[in-house]
Amino acid sequence: MKTLDDLLARRLYLGVTGLSRAGKTVFVTSLIHNLLRADPAAEESPLRGFDPFDDGRLVGAVLRHDTNATVPEFPYRKALDALTGESPHWPEPTRGISRIRIDLRFRRAQGLTTSAAARLGLTEGTLQLEIVDYPGEWLVDLPLLGTTFEDWSRAMLAQAERGRRPELAREWRAFVAERTPDSEHDEEWAERAAALYTDYLHACAEARLRFLQPGRFLHPADLRGASVLRFCPLPDLPASPQPGTLHAAFRDKFRDYQEKVVRTFYRRHFAGLDRQIVLVDTLTALNDGPEAFDDMSEALASILHSFRHGRNSLLGWLMGRRISRVMFAATKADHVIRGDRLHLENLTRRMLHVLDESNLIKTAADVDVQAIAAIRATRDTRRTDNGREILLGRRPDDSDETPMEPGAIPLDFPPDWAALNYRYWDFQPRPDPAWRHGGFPNIRLPEVLNFLIGEDLR
Ligand code: GDP
């Protein structure tokens, strides 16, 4: 039976997304673990700086296992064991969508006498925080809703002409050039064309390119093998297709994809979100060089564009109806020296095209950009000889920490690639028993929480 407290509890849906390997699994694990382990008596807490925690209003947190859910539960326990076991390692990344719910018990701030809870004399409340983790690749599909098969084909073929792509697209391009779009439709041919296009997208992903559509070709989840994925861009399309042709069939599949995949995902999951964090792996993009960096920047700017302009555009029906705050967080900030973390933040702002020429932030108050580390695997130190800031971190296969110089984060944009000396080292989690019991050290996780949920714990 539901108690009065249950009835008054608020449910808040927080979306966590980011392109593959951006740090979603690590972020959700650290967020949950740190909330579960919040100890107001601890001298040093990883949540210090989270206002409801500092003010003593956060009473406790519990995980709720929702047995009715039709979506897989986020594998928190497994990820925690990987990070805090005998030989700590990064957890397996999640694929597709997953959810997890954590209930936060809090003391209500005094003076909110108008709320129903206060009138009933309830001094404590519960926030049911439902975290929805899904691939950023699915968000890159959002602009597909505003385009036609013909325009999309042209854009994708033009994209396939740039940089390393022609090489990767060769087999697919040769195959689709064999038949004209007005040839009779043939499902077997369609399947082969789609398979080659999917191979091309995978090869791009391998080459660290990120602006890849349609996202489900790469991360099909429950749609693996489904016929709705049996199409691809076609060259030399006339404005309107004749019935029964390849062109007509591919256009219909594209429309099915728009309706049954893109729109359905947004209706079922996305439209219900209240807050959103988009994790951005600026550092690996920097490490991967100019083409990967520009491509990721384009993908992210298109995501941001959807968030910012969705309200007044054709996407208005699904965007912004509920999402009231969006944060873009540059992850793995523990990979750069302390003095460079602000530079990482600024570089990410620029990547998102939210800093204009005079460095003014163009985002609205409800969009924020931060540099964070959900789990801080390194420690700041200085070289003994010249006093320069460096990092202490554990490299793969090493048991001890080594002093490392990651190089500097560029201040200019686009970066001066010839002068760039930044290097991404694959630092591993530290074997520290305090992590399991006291929570994960981090960079700016409390500030992220203040922005996303601080006001809901009042
Ligand atoms: P996902 O694919 O978005 O779920 O990405 P993961 O959360 O699995 O992260 C991918 C990899 O990035 C991890 O295996 C780590 O190597 C690294 N990583 C993610 N978050 C952090 C962090 O906070 N600090 C550090 N040092 N590395 C991180």
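The following exchange examines the largest pocket, two helix packings and some backbone features of a predicted model.

Student: Where does the largest pocket lie with respect to domain 1 and domain 2?

Tutor: The largest pocket has a volume of about 1,100 Å³. Of the 42 residues in its lining, those closest to the centre are S20, R21, A22, P93 and K332. Both domain 1 (1-134 + 270-458) and domain 2 (146-268) contribute lining residues, so the pocket lies between them.

Student: Which helices each supply at least two residues of the lining of the largest pocket, and how does that lining divide by residue class?

Tutor: By class, the lining comprises 16 nonpolar, 12 polar and 14 charged residues. The helices that each supply at least two residues of this lining are α2 (24-36), α9 (187-206) and α12 (282-288).

Student: Is α8 roughly parallel or antiparallel to α9?

Tutor: Helix α8 (residues 165-177) packs with α9 at an angle of about 180°, and their axes are 9 Å apart. Because angles over 145 degrees count as roughly antiparallel, the relation of α8 to α9 is roughly antiparallel.

Student: What is the division by residue class in the contact of α8 with α9?

Tutor: From α8, the contact involves R165, L168, A169, E171, W172, F175 and V176, which meet W189, R192, A193, L196, Y197, Y200, A203 and C204 in α9. These residues divide into 12 nonpolar, no polar and three charged.

Student: How is α7 oriented relative to α11?

Tutor: Helix α7 (residues 149-159) and helix α11 (residues 246-268) pack at about 95°, with a distance of 10 Å between their axes. Angles of 65 to 115 degrees count as roughly perpendicular, so α7 is placed, relative to α11, as roughly perpendicular.

Student: Which residues of α7 meet α11?

Tutor: The contact of α7 with α11 has four nonpolar, one polar and two charged residues. On the α11 side are H247, F250, R251 and F254, and the residues of α7 that meet them are F149, E150 and W152.

Student: Where are P214 and P414, each joined by a cis peptide bond, placed?

Tutor: Q213 and P214 are joined by a cis peptide bond with omega of about -5°, and F413 and P414 are likewise joined by a cis peptide bond, with omega of about -5°. P214 is in the loop between α9 and α10 (215-218). P414 is in the loop between β10 (401-404) and α15 (434-438).

Student: What is the phi of A221?

Tutor: A221 is located in the loop between α10 and α11. Although A221 is not a glycine, its phi is positive, at about 50°.

Notes: Residues numbered from 1 in each chain as written. Predicted model: local features only at pLDDT ≥ 70, side-chain atom pairs only at ≥ 80, totals over all residues. Heavy atoms only, no water. 1 Å grid on protein atoms, 1.4 Å probe; cavity = no way out; pocket = protein on both sides within 12 Å on 5 of 7 lines; lining within 4 Å. Points joined across faces, edges and corners; volume = space filled by probe spheres on them. Helix = DSSP H or I, 4+ residues; strand = E, 2+ residues; numbered from the N terminus. Nonpolar A, V, L, I, M, F, W, Y, C, P; charged D, E, K, R; others polar. Domains from an automatic or database assignment. Axes fitted to C-alpha atoms, helices over the stretch in contact; angles between N-to-C directions. Parallel < 35°, antiparallel > 145°, perpendicular 65-115°, else oblique. Contact = heavy atoms within 4.5 Å.
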